[in-house]
Amino acid sequence: MGRKAGVAVLVRKGVDFRVDKQYQDSRGRYLLLQGSLAGKQLVLGTYYGPNVQDVTFNRQFRTLLISLSRFPLILGGDFNAVADPELDRSDIGRRRWGTGGQTIAYYADALGLVDLWRTLHPGERDYTHLSRAHDTWSRLDYILISDSLFPFAHSAQIAPLAISDHAWVEFRFQAGNNRGTARLWRFPRDLYEDQAYSTFIKKQWLDYQIDNQAHQHDAVLYWETAKAVLRGHTIAYVAQARRSRDAQLLRLERQLCHMRRRMARGAEAAHREQYLSLQTEINTLLHRRQVKSSRYYQ
């Protein structure tokens, strides 16, 4: 990936993924990681398709994929093209196929790859990109997987178009029985500034003192037990707050997806204002969640 731009693959901590070899474009347009996931050999990659015709680049990338075809492949990215002009554009009158669409068809036919979302949602209209200049919607973002991996894919969804002019595509994949690695509990740093938590934990501390007056003579037992009890209350508080935030985010995401489909059928000024308002609200929630996460790992 370049310093200013390029694609990337992010792997969550605890996921049993080992990289044996990587292949990348000098301009940051693709990154392929050959390795193992939960003990299974595969290639995990991401791709950004040129928005102008680039025959040389497409040929080189196809050649690379062919050389790695002995491994199952999971490839996701912005292909900058639609696979089916009839289903993947809101303005179906524009029948321009484009080289990107041919690339997707080639991957499906020659490399045995499955357009996961389309396979699980045949005939459905949904989109991943909004062109504000032309007020049109398109499905430009794809997850392509080898047909041998399809039985392990449980679902695929297009997420709300909230952060940028593209929506991400997500899917659930069961690679094995990996449960990750356990880690020690740490006090969430953002709670230092949470006044509601401060009030909550003070009450729990007072209740503990009242309930354990008989054990105050044993300072070690009294304090060690108190830490365990207060830690349990803290975990419960954080879990409840997370469930509340997740429920709010899910509600907003559903509203945004519904509004996206309505706008794709014909945008009105009121719908556009509501759509932008939902985007802003979701962005705020996601930003707060990211701030909390970054503080935790500091």
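The paragraphs below go through the aromatic pairs, the charges over rings, two backbone angles and two threonines of a predicted model.

The aromatic side chains come first. The model has 17 aromatic pairs. One of these is formed by Y47 and F57, whose ring centres are 6.2 Å apart and whose planes meet at 15 degrees; because planes under 30 degrees apart count as stacked, this pair is stacked. The two residues are 10 apart in sequence and link distant parts of the chain, with Y47 in strand 3 (residues 40-48) and F57 in helix 1 (residues 55-67). Both partners are shielded from the probe: Y47 has a relative accessibility of 4% and counts as buried, and F57 is buried with a relative accessible area of 3%.

F57 also pairs with F61, again in a stacked arrangement, at 6.3 Å centre to centre and with 5 degrees between the planes. Here both residues belong to helix 1, and their spacing of four residues is about one turn of the helix. F61 has a relative accessibility of 1%, so F61 counts as buried, the limit being under 20%. F57 therefore takes part in a stacked pair with Y47 in strand 3 and in a stacked pair with F61 in helix 1. These rings belong to a cluster, in which ring pairs link Y30, Y47, F57, F61, F79 and Y142.

Charged side chains also lie over rings. R29 is placed over the face of F57, at 3.9 Å from the ring centre. F57 thus has R29 over its ring face, besides being one of the residues of the cluster. At another ring, that of F152, the charged end of K40 sits over the ring at 4.3 Å from its centre.

The backbone has its own points to inspect. A38 is not a glycine, yet its phi is positive, at about 55 degrees. This residue is in the loop between strand 2 (30-37) and strand 3. With a relative accessible area of 25%, A38 is partly exposed, because that value falls between the 20% and 50% limits. N80, also a residue other than glycine, has a positive phi near 55 degrees. The loop that holds N80 runs between strand 4 (73-78) and helix 2 (98-110). N80 has a relative accessible area of 25% and is partly exposed.

Helix 5 (residues 219-265) supplies the last stop, beginning with T225. T225 is partly exposed, with a relative accessible area of 30%. Its C-alpha atom is 9.8 Å from that of N212, a residue 13 places away along the chain. T234 is located in helix 5 as well. At 2% relative accessibility, T234 counts as buried. When neighbours within four places in sequence are set aside, T234 is in contact with W185, F187, L191, Y197 and I201. For the two threonines of helix 5, then, the accessibility classes are partly exposed for T225 and buried for T234.

Terms used. Residues are numbered from 1 along each chain as its sequence is written. This is a predicted model: local features need pLDDT of at least 70, side-chain atom pairs count only at pLDDT 80 or more; totals for chains, interfaces and linings use all residues. Side-chain values use heavy atoms; hydrogens and water are left out. Buried means under 20% relative accessible area, exposed over 50%, partly exposed in between (1.4 Å probe, protein chains only). Contact means heavy atoms within 4.5 Å. Rings of Phe, Tyr and Trp (its six-membered ring) pair if their centres lie within 6.5 Å; planes under 30 degrees apart count as stacked, over 60 as edge-to-face and the rest as tilted. A charge sits over a ring if NZ of Lys or CZ of Arg is within 6 Å of the ring centre and within 35 degrees of the ring normal.
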